[in-house]
Amino acid sequence: MTTDGRGVVVDDFLRSPSSRDVFAADDAHGRLQLSPIASYEGRVVARNLIEGDVERVDYASVPKILWTVPPLASVGLTEVEARARGLDVSVVASDMAGWKVYAIHDDPVARAKVIVDRASDRIVGAHLYGSGGGEEIHLFAYAIHFGITADDLRRSVYRYPTLASALPYALG
């Protein structure tokens, strides 16, 4: 079994390429070490162990959150990464601090940057900075994971005055 400085080297099925009977998840391979990732990877390993290599691990829609005050949350690609992959993207950067819903919540800092693939209208990245960012980023994670388009999010109904009710406006 091959290892590197982080742990067991695995392929996208979480199987060791050098020792096909070995699967490794979370701390054992060291890619991303968080309990929700460990649970997700455990389900992937179990399925691949039982059914054969049928499910690849996919981190594209896993949100990342820095628990600063306010939080900084991100999911998917950055604008630079999207363009480097050759995607034609529209980018909407919003300073939302002056928006009424943020004033209601006494949120003096609120910013969003959303990256959308023009060809498919699919969200490929979102980055939020503000008190609700740690929760709101999950809407974008679902959109990326399930292929929900920017127009789908714009046309959805959100309960006002939640911070999420402003997100359709952050899509331009």
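Is strand β5 (residues 123-130) largely enclosed by the rest of the structure or exposed, and how many of its eight residues are buried? Seven of the eight are buried, so strand β5 is largely enclosed by the rest of the structure. The model described here is predicted. This report starts with the whole chain, then returns to β5, the cores and the charged pairs.

## The chain as a whole

The protein chain has 172 residues, and 40% of them count as buried. A residue is called buried when its relative accessible area is under 20%. The chain contains six helices and five strands. Their order along the sequence is α-β-β-α-β-α-β-β-α-α-α. The C-alpha trace spans about 55 × 35 × 30 Å along its principal axes.

Among contacts in the chain with a separation of 6 or more, 48% are between residues 24 or more positions apart. The chain exposes about 9700 Å² of area, and carbon and sulfur atoms supply 56% of that area.

## Strand β5 and its partners

Strand β5 pairs with two strands named here, β2 and β4. With β2 (residues 72-76) the pairing is antiparallel and runs over five bridges. In this pairing, A73 stands opposite L128 of β5.

With β4 (residues 110-117) the pairing is also antiparallel, over seven bridges. Here V116 stands opposite I123 of β5. Strands β4 and β5 form a hairpin, with five residues between them. One residue in the turn, D121, has a positive phi of about 65°.

In a regular strand the side chains alternate between the two faces of the sheet.

## The nonpolar cores

Which residues have the most contacts inside the largest nonpolar core? They are V75, Y102, I123, F140 and L171, in a core of 24 residues. I123 has already appeared as the residue of β5 opposite V116.

Several elements give two or more residues to this core: β2, α3 (100-104), β4, β5, α4 (133-146), α5 (150-155) and α6 (167-170). Helix α4 provides the largest share, five residues. Apart from this core lies another one, of nine residues, including V8, L14, Y40 and V45.

The surroundings of V75 can be listed in more detail. Leaving aside residues up to four places away in sequence, V75 touches A60, S61, V62 and P63, among others. Its contacts also include V124, G125, A126 and H127. Further along the chain, V75 touches I137, F140, A141 and I144.

## A nonpolar patch on the surface

Nonpolar residues are also found on the surface. L66, L72 and Y129 form a nonpolar patch there, and together they have about 250 Å² of accessible area. L66 belongs to strand β1 (residues 64-66).

## Salt bridges

The structure holds 14 salt bridges. Three of them are set out below, with the distance between N and O atoms.

| Pair | N to O distance | Where the residues lie |
|---|---|---|
| R83 and E79 | 3.1 Å | both in helix α2 (residues 79-84) |
| D88 and R118 | 3.2 Å | D88 in the loop between α2 and β3 (89-95), R118 in the loop between β4 and β5 |
| D151 and R154 | 3.9 Å | both in helix α5 |

How many residues apart are R83 and E79? They are four residues apart, about one turn of helix α2. R83 is partly exposed, with a relative accessible area of 43%, and E79 is partly exposed at 24% relative accessibility.

D151 and R154 are three residues apart, about one turn of helix α5. D151 counts as partly exposed at 33% relative accessibility, and R154 counts as partly exposed at 32%.

The pair of D88 and R118 links distant parts of the chain, since the two residues are 30 residues apart. D88 is partly exposed, with a relative accessible area of 47%. R118 counts as exposed, at 51% relative accessibility. The label changes between these two residues because exposed means over 50% relative accessible area.

Salt bridges also occur as a network in this structure: D11, R15, R20 and D53 are linked in this way.

Definitions and conventions: Residues numbered from 1 in each chain as written. Predicted model: local features only at pLDDT ≥ 70, side-chain atom pairs only at ≥ 80, totals over all residues. Heavy atoms only, no water. Buried < 20%, exposed > 50% of the residue type's maximum accessible area, 1.4 Å probe, protein only. Pairing = 2+ DSSP bridges. Core = buried A, V, L, I, M, F, W, Y, C linked by side-chain atoms within 4.5 Å. Contact = heavy atoms within 4.5 Å. Patch = residues over 30% accessible without salt bridge, like charges linked within 9 Å, V, L, I, M, F, W, Y side chains within 5 Å. Areas by Shrake-Rupley, 256 points an atom, 1.4 Å probe, with all protein chains shown as cover. Salt bridge = Lys/Arg side-chain N within 4 Å of Asp/Glu carboxyl O.
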